[in-house]
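Please open the structure in your viewer and keep the sequence panel visible. This tour proposes a series of selections and describes what is found at each stop.

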Amino acid sequence: MEPRAADRGRQHAGRSEINSDTGRTFRQEILRPFLDQHLKSGAPKADIAPVSAFETGTNAWRRLRAWPAGCASGCTVDARPLYLGAGLTLSFAEPKAGATAFEEYVSDPAKPVRSRARPIQPVGYEGGLSWPRWLADDQREAPGRPDVVAFVSEVLSAPLKISGQPVANLIAQRAGPTRTGW
């Protein structure tokens with residue numbers, strides 16, 4: 001199916017529009033120069049940033065000196081912890097003293113949580129197949145299961161940029177029957 005004239009050059013992830021072909025940009029402007037420099041005799045030195053990252057909120061590739069970084073230069077990273085709180089809340093505010101310090105749920109390995117809605121459609125790019133939109137599939141049904149926990153924040157009042165390497169301090173406890181002989 002030929003894209004409409006207004007949609008040429010645009011990519012979609014579900015309902016989200018990306019105003020460029022991110023894969024083509026990566027292959028032509030980042031990967032190709034890198035491979036040429038390292039695999040072709042006499043190829044020019046590639047002008048590639050130490051970090052090339054696609055920023056989804058602005059639909060732009062960023063050239064950064066290091067990771068994590070807030071911008072190419074002249075800004076600082078404001079690292080703030082996110083807290084998992086009682087009642088399945090997610091917040092920048094540290095939990096109050098005496099608040100419930102855990103969430104409890106049962107996870108059953110015999111019933112794995114699927115990552116895509118059933119039935120799984122054939123994968124491909126043509127004829128309405130699902131591959132181009134798999135990342136944007138609606139997976140809201142998974143948090144409704146008793147063996148899945150999902151933490152939710154208050155409605156954001158301003159844009160929020162999340163970048164960098166996540167660090168998680170989680171404690172898990174196992175209870176129930178055990179299997180021996182493994």
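The tour begins with the whole chain and then proceeds to single elements and residues.

**The whole chain**

Please note at the outset that this is a predicted model. Display the entire chain as a cartoon: its secondary structure consists of one helix and seven strands. Following the chain from the N terminus, one meets the elements in the order β-β-α-β-β-β-β-β. The chain has 182 residues, of which 12% count as buried. If a surface is switched on, about 15,600 Å² is exposed, with carbon and sulfur atoms supplying 55% of this area. Among contacts between residues at least 6 apart in sequence, 39% join residues that are at least 24 apart.

**Helix α1 and its nonpolar patch**

Select residues 22-39, which form helix α1. Which residues make the nonpolar surface patch of about 450 Å²? Colour F26, L31, F34, L35 and L39 to see its members. L31, a residue of helix α1, has a relative accessible area of 31% and is therefore partly exposed, since that class begins at 20% and ends at 50%.

**Salt bridges at the helix**

The count for the model is five salt bridges. Show the side chains of D21 and R24, which meet in one with an N to O distance of 3.8 Å. Both partners are partly exposed: D21 has a relative accessible area of 22%, and R24 has 44%.

Next, select R32 and D36. Their salt bridge brings the closest N and O atoms to 3.4 Å from each other. Because they are four residues apart in helix α1, about one helical turn separates R32 and D36. Is D36 buried or exposed? D36 counts as buried, at 19% relative accessibility, while R32 is partly exposed at 49%. Add K40 to the selection: R32, D36 and K40 are linked in a network of salt bridges.

**Strand β3 and its two faces**

Select residues 51-55, which form strand β3, and show the side chains. Their directions alternate along β3. V51, A53 and E55 point to one face and are buried, whereas S52 and F54 point to the other face and are not buried.

Now add β4, residues 60-64. Strands of a sheet pair through backbone hydrogen bonds, either parallel or antiparallel. How do β3 and β4 run relative to each other, parallel or antiparallel? They run antiparallel and are joined by five bridges. One pair to locate is A53 and its bridge partner in β4, R62. The hairpin of β3 and β4 has four residues between the strands. In this hairpin, select N59, which takes a positive phi near 55°.

**E55 and its surroundings**

Centre the view on E55, in strand β3. With a relative accessible area of 17%, E55 is buried, because the limit for that class is 20%. The side chain of E55 makes a polar contact of 2.6 Å with the side chain of T58. E55 also forms a salt bridge with R62, in which the closest N and O atoms are 3.1 Å apart. R62 is partly exposed, having a relative accessible area of 32%. Which residues does E55 contact beyond its neighbours within four places in sequence? Select A60, R62 and K161 to display them.

**W67 in the loop**

Move on to W67, in the loop between β4 and β5. At 41% relative accessibility, W67 is partly exposed. Draw a distance between the C-alpha atoms of W67 and A53: these residues are 14 apart along the chain, and the separation is 9.4 Å. Leaving out residues up to four places away in sequence, W67 touches V51, A53, S163, G164 and Q165.

**The three-stranded sheet**

For the last stop, select β5 (83-85), β6 (89-91) and β7 (152-153). These strands form an open sheet in the order β5-β6-β7, with mixed pairing. The edge strands are β5 and β7, each of which pairs on one side only. Strands β6 and β7 run parallel and are joined by two bridges. To finish, select L90, which stands opposite S153 in β7.

Technical notes: Residues numbered from 1 in each chain as written. Predicted model: local features only at pLDDT ≥ 70, side-chain atom pairs only at ≥ 80, totals over all residues. Heavy atoms only, no water. Buried < 20%, exposed > 50% of the residue type's maximum accessible area, 1.4 Å probe, protein only. Polar contact = N/O pair within 3.5 Å; in protein donor to acceptor, adjacent residues only side chain to side chain. Contact = heavy atoms within 4.5 Å. Areas by Shrake-Rupley, 256 points an atom, 1.4 Å probe, with all protein chains shown as cover. Patch = residues over 30% accessible without salt bridge, like charges linked within 9 Å, V, L, I, M, F, W, Y side chains within 5 Å. Salt bridge = Lys/Arg side-chain N within 4 Å of Asp/Glu carboxyl O. Pairing = 2+ DSSP bridges.
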